[in-house]
Amino acid sequence: MRILVTDSYEAMSREAAKILAGQIWLWPDTVLGLATGSTPVGMYRELIRLHREEGLDFSQVTSFNLDEYVGLGPEDDQSYQAFMHAHLFDQVNIDPARTHVPNGKAEDIEGECDRYEKAIGEAGGIDLQVLGIGRNAHIGFNEPDDHFARQTHRVALKESTIRANSRFFEREADVPRYAISMGIGTILKARRILLLANGREKAQAVYDAVLGDITPEHPASILQFHPQAMLLLDREAASLLPERSKV
Ligand code: GLP
């Protein structure tokens, strides 16, 4: 894993946007895997700036989001679909037909998981996957478990994740208990992976991902096996890592 430590959230976001922009400039029809949560918001802001001021062109880009809450759709403010529209899709020239987020309102959730996994394959697979990380080292919504999920699947969210994500909802009781998430296998198939983490509360998860045993108890630890995985951190998220592991 390559580990790059930046001075601040803003610097981390700028570096992340540069990596995505470079990918789009070199391969305009690239397939991106995108993430939600507060971590990538600054990166999206910078990508919008690059689109407006430097002409970064999203018209041929295809995107697949990592996950969505079961029961929420684009009309729900807290859905990841709505998040992506607000923070990126509606502010750049991406073709809406090329953006994909799992359908949390599908009647047949298992069928939706299979359809989503297939759609990624039909698009040629993901070239560059962006990830955040949960405090328990979850990626996407792949929670600590006794096995690594291979494919897009339905997940029961852990209490700790429900609590952490309740800050986006009016009440904790409103947080959906289930989600659709790309599997660890889906994520590992991406050609390149870029994981972002900032803040002291992510330091232990980052440590476990980088230096811990590879175990489904710490889902992000599987990234140690990926040949092209990069961690882009701020100083606080990197604070438990020994100096020698940083670039
Ligand atoms: C959610 C998302 C993850 C995200 C994580 C961390 O659970 N499903 O994709 O990485 O939260 O979120 P944040 O960036 O807000 O800390």
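Which residue forms a salt bridge with glutamate 117? Here are my notes on this predicted model, starting with that pair.

1. The partner is lysine 189, and the closest N and O atoms of the two residues are 3.5 Å apart. Lysine 189 sits in the loop between helix 6 (184-188) and strand 9 (192-197), while glutamate 117 belongs to helix 4, so this salt bridge ties together parts that are 72 residues apart in sequence. The two ends have quite separate surroundings: lysine 189 is exposed, at 58% relative accessible area, whereas glutamate 117 is buried, at 9%.

2. Next, have a look at aspartate 127 and arginine 191. Their side chains meet in a salt bridge with an N to O distance of 2.6 Å. Aspartate 127 is in the loop between helix 4 and strand 6, and arginine 191 is in the loop between helix 6 and strand 9, so here the pair ties together parts 64 residues apart in sequence. Aspartate 127 counts as buried because its relative accessibility is 18%, which falls under the 20% cut-off. Arginine 191 is partly exposed, at 42%.

3. Salt bridges that share partners also link Glu46, Arg49, Glu53 and Glu54 into one network. Within that group, glutamate 53 pairs with arginine 49, with 2.9 Å between the closest N and O atoms. Both residues lie in helix 2 (residues 41-54), and they are 4 residues apart, about one turn of the helix. Glutamate 53 counts as exposed, at 56% relative accessibility; arginine 49 is partly exposed, at 31%. For the whole model, the salt-bridge count comes to 11.

4. Now for some charges without such partners. Glu107, Asp108, Glu110 and Asp114 gather on the surface as a patch of negative charge. One of them, aspartate 108, lies in the loop between strand 5 (99-100) and helix 4 (109-122). With a relative accessible area of 49%, aspartate 108 is partly exposed, because the exposed class needs over 50%.

5. Last one: is asparagine 142 buried or exposed? Asparagine 142 is buried, with a relative accessible area of just 4%. You'll find this residue in the loop between strand 6 (128-131) and strand 7 (153-156). The side chain of asparagine 142 has a polar contact of 3.4 Å with the side chain of serine 181, and also reaches the backbone oxygen of methionine 182 at 2.8 Å.

Technical notes: Residues numbered from 1 in each chain as written. Predicted model: local features only at pLDDT ≥ 70, side-chain atom pairs only at ≥ 80, totals over all residues. Heavy atoms only, no water. Patch = residues over 30% accessible without salt bridge, like charges linked within 9 Å, V, L, I, M, F, W, Y side chains within 5 Å. Areas by Shrake-Rupley, 256 points an atom, 1.4 Å probe, with all protein chains shown as cover. Salt bridge = Lys/Arg side-chain N within 4 Å of Asp/Glu carboxyl O. Lys, Arg positive; Asp, Glu negative; His and termini not counted. Charge placed at Lys NZ, Arg CZ, Asp CG, Glu CD. Helix = DSSP H or I, 4+ residues; strand = E, 2+ residues; numbered from the N terminus. Buried < 20%, exposed > 50% of the residue type's maximum accessible area, 1.4 Å probe, protein only. Polar contact = N/O pair within 3.5 Å; in protein donor to acceptor, adjacent residues only side chain to side chain.
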